[in-house]
Amino acid sequence: MSPHPATIEPDRPAEFTDMRPTGQVAVVTGAASGIGAAVVHRLLARGMTVIGCDVVSMPSTGAVHQQLHPRRLDVSDSRAVRATVHAVLGRWGRVDVLANVAGIHDGFSAAHSMTDELWDRVLDVDLTGPLRMARAVLPSMIERRSGSIVNVASVAGLSGSISGAAYTAAKHGLIGLTRSIASMYRQYDIRCNAVCPGSVTTRLAEGDAVRDPWGFEHLRGRLSRPERQARADEIASLVAYLASEEASFVSGSIVGADGAWLA
């Protein structure tokens, strides 16, 4: 999440060097663009079947469509979340990976000017949305005694001087949820980790209209612009690693991906 106007660079998705199906099934939210789309590409490159979920239609992916199954989904709709996961389990019988990427921003709104509507909407998508998704997939993961959940949080979950009150609270909460899931389900070999990107060239960053000039001005003095913004694929590579068996003993980790911005 960038507090500065972003220049959108083309994503550089992983090359599809190994398209042999692995039998693993992944569900990715926020899959139509930005980090979510890059995560889809990374998991497809690992041979997974990917159900890409978003509130908007996903663009065509050409030759890789056989393993990609787009689905419209609003993570703030509990009934739709349950129906989506039920459909996935009905067709493939498993969910090995859940990548919670979907998110919205609050325009740097300060606590004293935060409306109930904005607060509720940001927390509904950015915090309760990942809970809804995890809640839907965890029973089947418990039954299979296997699974990996990766939540895309933010450096705003590690600091109070990055973003507005609602986004900051939601991302702090998502880190807590990550740790809770990792601890509570570890005996079932279910892993849960979070990635905390800094400034990324995504359309979410591009759409960070300053809703609250007062809030933005009181943050700007504490922020220094990173030397460069990350590409979405650079974040996606970390998500894909944490989702994979290569990270089989990594759980409950909150992994920064901010180019030493907070350092």
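In the predicted model, aspartate 96 is classed as buried, its relative accessibility being 5%. The side chain of aspartate 96 takes part in a salt bridge with arginine 94, in which the closest N and O atoms lie 2.8 Å apart. Arginine 94, in contrast to its buried partner, is partly exposed at a relative accessible area of 25%. Because the limit for burial is under 20% relative accessible area and exposure begins over 50%, the value of 25% places arginine 94 in the intermediate class. The pair does not stand alone: Arg94, Asp96 and Arg144 are joined in a network of salt bridges.

A second salt bridge connects the side chains of aspartate 233 and arginine 42, with an N to O distance of 2.7 Å. Aspartate 233 belongs to helix α7, which spans residues 232–243, whereas arginine 42 belongs to helix α1, which spans residues 34–45; the pair therefore ties together parts of the protein that are 191 residues apart in sequence. The accessibility of the two residues was also computed. Aspartate 233 is buried, with a relative accessible area of 5%, while arginine 42 is partly exposed at 25% relative accessibility.

A further salt bridge is formed by arginine 231 and glutamate 234, whose closest N and O atoms are 3.9 Å apart. This distance falls inside the cut-off, since a salt bridge requires a side-chain nitrogen of Lys or Arg within 4 Å of a carboxyl oxygen of Asp or Glu. Glutamate 234 is partly exposed, with a relative accessibility of 26%. In total, six salt bridges are present in the structure. Pairings of this kind can arise when the charged atoms of side chains of opposite charge come close.

With regard to the overall architecture, the protein comprises seven helices and seven strands. Read from the N terminus, these elements follow the order β-α-β-β-α-β-α-β-α-β-α-α-α-β. Of the contacts in the protein with a separation of 6 or more, 74% involve residues 24 or more positions apart. The salt bridge between aspartate 233 and arginine 42 likewise links parts distant in sequence, at 191 residues apart.

Burial and surface composition were evaluated for the protein as a whole. Among its 263 residues, 54% count as buried. The exposed area of the protein amounts to about 12000 Å², and carbon and sulfur atoms supply 50% of that area.

Key: Residues are numbered from 1 along each chain as its sequence is written. This is a predicted model: local features need pLDDT of at least 70, side-chain atom pairs count only at pLDDT 80 or more; totals for chains, interfaces and linings use all residues. Side-chain values use heavy atoms; hydrogens and water are left out. Helices (H or I, at least four residues) and strands (E, at least two) are DSSP runs, numbered from the N terminus. Buried means under 20% relative accessible area, exposed over 50%, partly exposed in between (1.4 Å probe, protein chains only). Contact means heavy atoms within 4.5 Å. Accessible areas come from the Shrake-Rupley method with a 1.4 Å probe; for residues, only the protein chains shown count as cover.
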